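Trainee: Could you take me through this model one feature at a time, giving the general idea before the particular case?

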Amino acid sequence: MFGYYTTPDTGLTYFQERPYAYGPGGLHPVNLGDVFKDGRYEVVHKLGFGKSATVWLAEDLQEVAWVALKICKANATESQELAMLDVLQQSPASEYVAELYDHFFHAGPNGTHLCIVMSVLGPSLSNRIMECRKHRNPLTTQQKLQLAMQLLQALNTLHSAGFSHGDLSPGDVVFNVENLQKLNRQQLFELVGEPETAVLSRADGLPLECNMPKQMVNSMQWKNWNCQGEEKLCLVDWGEAFRIGSPPRKLEQTPEIQAPETTFMDAFDHRVDLWAAGCCIYFILFSGNPFDDWGENTIIPQMFGLIEPLPAEWEEKWQAIKRETKHQETGWEEEEKLLREFVKKVPAPELTPLLPVIQRLMRFRPSDRISARQALSILYGAPASPPPAGGCGDADVAMADS
């Protein structure tokens, strides 16, 4: 099969959405300057991408305002995310959700695409922390603590309102940047950086297909925006979200964040978010995920010993997985890895409460995990009670149903 390359060779075919995501039933080819909905929305920059959509900064030429335009894969006539966004707008969790403005369908060479128009939010937690790491300008102790607390507050509100995110990751936690609407295009580009593009071509020299974008566009880097520690966090990407008590049959989670019960148990619930929250707080502290995805079943053994051994009742399932996949022991299975890393890399005593928070959120058994509310009580200095016999977070869910 032929491949694709860009001119100049910027690596965008590897670090952005893959060219093979375009095609019948796939992503819609978007180029800067494209307009949608009878000329109302003009694409001016790229906010990001995911497994099922690309997200663009667009100018609403009718309202003269900046908006986020999410263009889903073709033929998504029913969108779980659109339905969830609509419901969340009416819930107590609305303060942590982008505002839904509009939606419409757009016919393109790869099919008909659902387009969702929302308020523009800022960079993701993943983007900011990696930028800080790149420039050797780490977050302050106070910023790390505030980010962890804000994340737990958002999750507590979401669960108390009766909803689960389902696929929480550092890329889905974003800053809400105020005053963007006051900026003109030039001022906005000064803040986030000019769009970085590269011409896309086929490696075999034949003309590019009409259902492919003419250019690859790098996601916005927010180069001149700095976290002040006072920005509010919001959650995005609601495609895997569900009502508590009505989980789907399966979840498509980020591999590095995937909760272990989705592999070892016959059922899961909103407590997948608690595991993910622990992973996100780990990311805040250490500027990286607790686990690396090196291929099939390479993440599971990394979980062993990070906080606790694999539960005995899961051992038989793990042995079966190893036989089916011909898994080889790697030496990744380290005991008390989290504790050793924390002692070595987190000298600030103010961050010490985050250790038991991560330890108690990232328990293998969902029933052993503390709720977001209990995690907050640790950070606020109050002793957190053990998870209730009926399962962690039941008290919060009961509030949502009352």
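Mentor: Gladly; the labels come first, since helices are DSSP runs of H or I with at least four residues, strands are runs of E with at least two, and both are numbered from the N terminus. Please keep in mind throughout that this is a predicted model.

Trainee: With that label in hand, which helix gives the most to the lining of the second largest pocket?

Mentor: That is helix H3, residues 125–134, which supplies 4 residues to the lining. The second largest pocket holds about 410 Å³ of space, and of the 25 residues that line this pocket, Arg 128, Glu 131, His 135, Trp 222 and Lys 223 are the closest to its centre. Sorted by class, the lining comprises 9 nonpolar, 10 polar and 6 charged residues.

Trainee: How many cavities of 30 Å³ or more does a search of the whole structure find?

Mentor: The general idea is that rolling a probe the size of a water molecule over the atoms shows where empty space is left. Here the search of the whole structure returns 1 cavity of 30 Å³ or more, and the largest cavity contains about 40 Å³ of space. Its lining is made up of Trp 275, Phe 291, Met 303, Leu 306, Ile 307, Glu 308, Met 362 and Phe 364, which by class gives 7 nonpolar residues, no polar ones and 1 charged residue.

Trainee: Which residues touch the most other members in the largest nonpolar core?

Mentor: In soluble globular proteins, nonpolar side chains tend to be buried together. The largest nonpolar core here has 100 residues, and within this core Leu 152, Trp 238, Ile 281 and Leu 361 touch the most other members. Helix H7, residues 272–286, gives the most to this core, with 13 residues. If one sets aside neighbours within four places in sequence, Leu 152 is in contact with Ala 277, Ile 281, Val 357, Leu 361, Ala 372, Ala 375, Leu 376 and Leu 379. Apart from this core lies another, of 13 residues, which include Phe 36, Val 43, Val 67 and Phe 104.

Trainee: In what order do the 6 strands of the open sheet stand?

Mentor: The order is E2-E3-E4-E5-E7-E6, with antiparallel pairing. Strand E2 (35–36) and E6 stand at the edges, each with a single partner strand, so one side of each is left without a neighbour in the sheet. At the E2 edge, 2 bridges join E2 to E3, and Phe 36 stands opposite Tyr 41 in E3. At the other edge, E6 (residues 100–108) is joined to E7 (residues 111–118) by 8 bridges, through a hairpin with 2 residues between the strands.

Trainee: Are the faces of E4 covered or open?

Mentor: In a regular strand the side chains alternate between the two faces of the sheet. Both faces of E4 are covered, with Ala 53, Val 55, Leu 57 and Glu 59 buried on one side and Thr 54, Trp 56, Ala 58 and Asp 60 buried on the other. E3 (residues 41–49) pairs with E4 over 7 antiparallel bridges, in which Gly 48 has Val 55 as its partner, while E4 and E5 (residues 65–74) pair over 8 antiparallel bridges, with Trp 56 partnered by Leu 69. The hairpin from E4 to E5 has 4 residues between the strands, and in that turn Val 64 has a positive phi of about 55°.

How values were computed. Residues numbered from 1 in each chain as written. Predicted model: local features only at pLDDT ≥ 70, side-chain atom pairs only at ≥ 80, totals over all residues. Heavy atoms only, no water. Core = buried A, V, L, I, M, F, W, Y, C linked by side-chain atoms within 4.5 Å. Buried < 20%, exposed > 50% of the residue type's maximum accessible area, 1.4 Å probe, protein only. Contact = heavy atoms within 4.5 Å. 1 Å grid on protein atoms, 1.4 Å probe; cavity = no way out; pocket = protein on both sides within 12 Å on 5 of 7 lines; lining within 4 Å. Points joined across faces, edges and corners; volume = space filled by probe spheres on them. Nonpolar A, V, L, I, M, F, W, Y, C, P; charged D, E, K, R; others polar. Pairing = 2+ DSSP bridges.
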